Every structure is written in structure tokens, then in C-alpha cells.
Amino acid sequence: MIQPTIVEEKLTDDTILVRYPNPKADKSKASRSFWKVKERCFPAENPEAFSLSKGDMVEILIDPKSSIIAAFMIFMVPLLGFLAFYGIASFLTAVEVLLFFSGVLGLAAGVGLNVLLRKFKGPGELPVIKRKMSLEDMKEFMDCHDACKACKGCG
């Protein structure tokens, strides 16, 4: 999956900190400041050593397989933990309070498993910067970005 991002800062020669652009944020600055919404930054690899500075737009490639695995781990493992602990407890007791707490314990175990795997496995594969966007591409992205799927900015 290719996604346009904005360069925030250079961490190392091979790693750049980027964030997703939000062209509509200017329209909602008041609500964003009220809720203290901040743009989230994340690292991306720069294997081709593009000359980048803050504010440049780049296209990054995110591995779809890694995204699907991460989503499964975040959402499904805790749910499966809930179902497993609840199911095991239902063989042992019929008291609803104990069933509920065993399900919550399974949910917490699934979340804990994710945290442990992330700690031992590391952050995983970083997105890779594929190209630096031209001024025309940047303008098209900032002008539209309404999920029309017809232009380069949305597509």
C-alpha cells in the first residue's frame, strides 16, 4: 500500500520521521486544539538516500502482509483470549460474575501477550520511502484528498 506522508525530521541517514498529512486539519483547528489532537509521527526507511528536509512530501510503501498481521494481533488475539478463558470457565462454573471476570482476564492476557511479543520481537518492518513527491503531486493531493479514488492524492 502506497501512502503520501510529510517529512518531520531526519533521525539517521537511513531513517526519517514522517507523519500523515491532514489537509482538512486547517478547517478544524479549533476543535483539534480543544481536544489537544496531535499529529502522530512514525519512522520510515530511506534506502535510496533521498535528499529530504522538513515539510517535503514522500510516498511510503507499507507492507500489506505486516499490516494484516498487526491488526490481527491487536484485535483478534485479545478477543480469542476472552473467548478461551470464558469457555474454560463455563465448564468449571455457572456463576455469571466468575464467567465475566474470567473473560476479562482472558482479554487482559491477550493484550499482555501482544505487549510481550512486541517487546521481544521489536518494532517490525518500517515503511520504505519510494519517492519524493513533486510540487504538482503535492498540490493535487492537498487540493482534493476527499477519497475520490480518481486522482493521485486519493488513489
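**A loop residue, a sheet and two helices**

Leaving aside neighbours within four places in sequence, Ile62 is in contact with Met1, Gln3, Tyr20, Ser67 and Pro127. Contact here means heavy atoms within 4.5 Å. This is a predicted model: local features need pLDDT of at least 70, side-chain atom pairs count only at pLDDT 80 or more, and totals for chains, interfaces and linings use all residues. Residues are numbered from 1 along each chain as its sequence is written, and side-chain values use heavy atoms, with hydrogens and water left out.

Start with where Ile62 sits. Ile62 lies in the loop between strand 4 and helix 2. Helices (H or I, at least four residues) and strands (E, at least two) are DSSP runs, numbered from the N terminus. Is Ile62 buried or exposed? Ile62 counts as buried because its relative accessibility is 13%. The cut-offs are under 20% relative accessible area for buried and over 50% for exposed, with partly exposed in between (1.4 Å probe, protein chains only).

Now step back to the whole chain. The protein has four helices and five strands. Along the sequence they follow the pattern β-β-α-β-β-α-α-β-α. Of the 155 residues in the protein, 26% are buried. The protein exposes about 10,900 Å², and carbon and sulfur atoms supply 66% of that area. Accessible areas come from the Shrake-Rupley method with a 1.4 Å probe; for residues, only the protein chains shown count as cover. Take the contacts between residues at least 6 apart in sequence: 65% of them join residues at least 24 apart.

Next, the strands. Strand 1 (residues 2-10) and strand 2 run antiparallel, joined by four bridges. Two strands pair if DSSP finds at least two bridges between them. A hairpin of four residues links strand 1 to strand 2. One bridge can be named: Ile6 has Arg19 as its partner in strand 2. Strand 2 also pairs with strand 3 (residues 41-45), again in the antiparallel sense, over five bridges. Here Thr15 stands opposite Glu45 in strand 3.

How enclosed is strand 2? Four of the five residues of strand 2 (residues 15-19) are buried, so strand 2 is largely enclosed by the rest of the structure. Look at Thr15, which has its place in strand 2. Thr15 is buried because its relative accessible area is 18%. Not counting residues up to four places away in sequence, Thr15 touches Lys10, Pro43, Ala44 and Leu126.

The strands lead to the core. In soluble globular proteins, nonpolar side chains tend to be buried together. Here the largest nonpolar core has 10 residues in all: Val7, Ile16, Val18, Phe42, Ala44, Leu52, Val58, Ile60, Ile62 and Ile129. Strand 2, strand 3 and strand 4 (57-61) each supply at least two residues of this core. A nonpolar core is a set of buried Ala, Val, Leu, Ile, Met, Phe, Trp, Tyr and Cys residues joined through side-chain atoms within 4.5 Å. Ile62 thus returns as a core member. The C-alpha atoms of Ile62 and Ile129 are separated by 9.2 Å, though the two residues are 67 residues apart along the chain.

Follow the chain on to helix 2 (residues 64-92). At 1.5 Å a residue, the 29 residues of helix 2 should span 42 Å; the end C-alpha atoms are 41 Å apart, which agrees. The expected span is 1.5 Å times one less than the number of residues in the helix. Helix 2 has a kink of about 35°, centred on Met73. The bend at a residue is the angle between axes fitted to the seven residues ending there and the seven starting there. Val77, Pro78, Gly81 and Ala89 are the buried residues of helix 2. They pack against helix 3 (96-121).

Helix 3 has 26 residues, which should span 38 Å at 1.5 Å a residue; the end C-alpha atoms are 37 Å apart, which agrees. Which residues of helix 3 are buried? They are Leu99, Ser102, Gly103, Gly106, Gly110 and Asn114. An α-helix has 3.6 residues a turn, so residues three or four places apart point the same way. The buried residues of helix 3 pack against helix 2.

Ser102 in helix 3 shows this packing in detail. Ser102 is buried because its relative accessible area is 14%. Leaving aside neighbours within four places in sequence, Ser102 is in contact with Phe85, Tyr86 and Ala89. After helix 3 comes Gly122, whose phi is positive, near 95°.
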